[in-house]
Amino acid sequence: MAWLRARPRLALLLLAALLIALPFLVGAGLGRSWVRVLDFVLIYALLAIGLNIVVGYAGLLDLGYIAFYALGAYLYAWLASPHFGLHLPFWAVLPLGAALAGLFGVLLGAPTLRLRGDYLAIVTLGFGEIIRIFMNNLNAPFNLTNGPQGMNLIDPVSVGGLAFEGQRQFLGLTVTGLHLYYYLFLAFTLLAIGVAMRLQDSRIGRAWAALREDEVAAAAMGINTRNVKLLAFAMGAMFGGLAGGLFAAFQGFISPESFNLWESILVLCMIVLGGMGNIPGVILGAVLLTVIPEALRYLGDLQRATLGHVAVDPSDLRMLLFGLSLVAMMLWRPAGLWPSRQRKREFASEDEHADLYDARA
Amino acid sequence: MSLLQIKGLKVAYGGIQAVRGIDLHVEEGELVTLIGANGAGKSSALKGIMGLAADGGDIRFAGERLHHQPTHAIAARGLALVPEGRGIFGRLTVLENLDMGAYLRRDKAGIQADLERVLGIFPRLAERSSQLAGTLSGGEQQMLAIARALMARPRLLLLDEPSMGLAPLMVQKIYETIAAIAREGVTLLLVEQNANLALQVSQRAYVLESGSITLEGPSAELAANSQVRAAYIGE
């Protein structure tokens, strides 16, 4: 790998080629269902990058993040499905979804400004559930969300008359809607990575870091802690809303089921597992926690082939392995699989803490 | 006109009155200290000035009212606080901490000059500039907190118990620096439990007892006062 490190331009080119070829390679090697998994990896990466702004950068523990995803998805369904007979184009609906989610981010942030840590976590958890329960029940007196049945026949994304569905031949390759969504999601993910990295290095990013470390000291430095907090909530929520819109178009169907507490926890796990605050780590977390549960499905087939029946349900195994891997992580890699420079040093320098009260200086 | 003029400052937490209406003033270029026992309300008074605790009374800084202003706006007026327990940003490097001190400033050249100045005052921080602040020793963290506050080029520096939790030798060192900073012309309001040292470096002093000021005057006089000696210096 050293020869690649010495040639960053070549490495970037190879990475780009790999990312472009990936859905075809995966499709040929593992089957089309894995291209779908790939699409979900990117949606979750978007979510994780967004939540990382709130939790990783600003240190505000948000357990209801999936609510913003839900808002983006439902707004997309309202404006581009037979439900209200509206069929706006995706490029008009996606920004609206992000804006709506951002607005709700501020609405959630404003009453929780004084809360920290566990207390904030509980309120955000409640917020996530409230949104889900609203979506579940708003089918009467006026049918806004179609309740637990969810909304279907949501318009797929279409660019210049090219709808992202069906399949067509291109350069001898079979290109399906799944492939097209992959490229669309990839573009949004790359954009999100760019924005998130810029934010981290900006004045706002430094203010978030100070806020995370010590709120009183941050205020004493002249940081408007209220605005900076609300901005973190709004920015994170916008990424969630965007991902939600993409999800609705991609699935063609949404229901409150897709936005439960487990999803919030899952996205948080991606961040913690990958390495909080560090974008490559967060993406690694999203990849692993999306791909591994899918891979575990094969264990069911394996059991059928060897034992003749399914002894342990793979979805139960999934939870077991999740728990085990998180415990193992906390023991051996507490900073995450791919931690940021700072967190790595923080966890590595425990022996240096010994001289914390050493005054021989 | 005093740089800082406080009349009837009250600070309460819930129903508990921590500061019961104190009058205090700090002139430009002075080093004034507020001494008192644990729980006398010293830190609360600083919090009240900085807009960090509910306050009543009249606070004027360079003639302008600070009352009911948010902390960041008070900082923008030129007050800097070295908080109790230092309040350093543990997971940022020493340099990043210092950089945060200059958060409100836009003059790059001035910030660079001040960075060199504070690293000159605290050479220890220069040695550790790329280290995480949380891994510094207690004394070094206190130095960092003071240096960070100086990076704001404050008109008034509020210091909250800089000697707290430090070994005697380190306390000595910190106080030498405080005296040096004062000699450079920075105006300071120093809150301290360690009355002996605080009275040595300061020009004027106030004694706070259960939220009220019981004595005030030139530090040398208070240091000679038998009541003060008995209560705070331990003789």
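Start by colouring chain B by domain: in this predicted model, domain 1 takes in 4-78 + 154-233 and domain 2 covers 86-144. Drop a pseudo-atom at the C-alpha centre of each, and the two centres of chain B sit 24 Å apart. Now show the contact between them, which uses ten residues of domain 1 of chain B and five residues of domain 2 of chain B. On the domain 1 side, pick out helix H2 (71-76) and helix H7 (168-183) of chain B, as each gives at least two residues to the surface touching domain 2. H7(B) has the largest share of that side, with five residues. Colour the domain 1 side by class and you get seven nonpolar, two polar and one charged residues.

**The six-stranded sheet of chain B**

Stay in chain B and select S6, S7, S8, S3, S9 and S10. Written in that order, these six strands make an open sheet with mixed pairing. Its edges are strand S6 (79-82) and strand S10 (212-218) of chain B, each of them paired on one side only. Look along the sheet to see the twist, which averages 15° from one strand to the next.

Zoom in on strand S7 (156-160) and strand S8 (187-192) of chain B: they pair in the parallel sense, over five bridges. For a landmark, label Asp160(B), which stands opposite Val191(B) in S8(B).

**The four-stranded sheet of chain B**

Next, select S2, S1, S4 and S5 of chain B. In that order they form an open sheet of four strands, with antiparallel pairing. S2 and strand S5 (64-65) of chain B are at the edges with a single partner strand each, so one side of each has no neighbour in the sheet.

Walk along strand S1 (residues 4-13) and strand S2 (residues 16-26) of chain B, an antiparallel pair with eight bridges. Val11(B) is a good place to pause; its bridge partner in S2(B) is Val19(B). S1(B) and S2(B) make a hairpin with two residues between them, and Gly14(B) in the turn has a positive phi of about 60°.

Now turn to the pairing of S1(B) with strand S4 (residues 55-61) of chain B: these strands run antiparallel and are joined by six bridges. Label Leu4(B) and you'll find Phe61(B) as its bridge partner in S4(B). Then bring up helix H1 (residues 42-49) of chain B, which lies across S1, S2 and S4 of chain B and runs at about 110° to S1(B).

**A backbone stop in chain B**

Before leaving chain B, click on Arg86(B). You'll find this residue in the loop between S6 and helix H3 (94-101) of chain B. Most residues other than glycine have a negative phi. Arg86(B), however, has a positive phi, near 75°.

**Over to chain A**

Switch to chain A and colour by domain again: the assignment gives domain 1 (1-30) and domain 2 (33-259). Their C-alpha centres in chain A are separated by 28 Å. Seven residues from domain 1 of chain A meet seven residues from domain 2 of chain A. The domain 1 side of this contact in chain A has six nonpolar residues, one polar and no charged.

**Helices packed on H10 of chain A**

Select helix H3 (residues 32-57) and helix H10 (residues 225-251) of chain A. Their axes come within 8 Å and cross at roughly 170°. H3(A) and H10(A) are therefore roughly antiparallel to each other, and their crossing is left-handed. To see the contact, show side chains including Ile43(A), Leu47(A), Gly50(A) and Val54(A) on H3(A), and Phe233(A), Gly236(A), Phe239(A) and Leu246(A) among those on H10(A). By class, this contact of H3(A) with H10(A) has 17 nonpolar, three polar and one charged residues.

Keep H10(A) on screen and add helix H5 (residues 90-109) of chain A. These two helices pack at an angle of about 145°, their axes 7 Å apart. Here H5(A) passes H10(A) in a right-handed crossing. The contact of H5(A) with H10(A) has 16 nonpolar, nine polar and one charged residues.

**Last stop: a cis peptide**

Finally, centre on Pro141(A), in the loop between helix H6 (117-137) and strand S3 (151-152) of chain A. Which kind of peptide bond joins Ala140(A) and Pro141(A)? The bond between Ala140(A) and Pro141(A) is cis, with omega about 0°.

How values were computed. Residues numbered from 1 in each chain as written. Chains lettered and ligands numbered in written order. Predicted model: local features only at pLDDT ≥ 70, side-chain atom pairs only at ≥ 80, totals over all residues. Axes fitted to C-alpha atoms, helices over the stretch in contact; angles between N-to-C directions. Parallel < 35°, antiparallel > 145°, perpendicular 65-115°, else oblique. Left-handed = near helix turned anticlockwise from the far one by under 90°. Contact = placed C-beta atoms within 7 Å. Nonpolar A, V, L, I, M, F, W, Y, C, P; charged D, E, K, R; others polar. Pairing = 2+ DSSP bridges. Domains from an automatic or database assignment.
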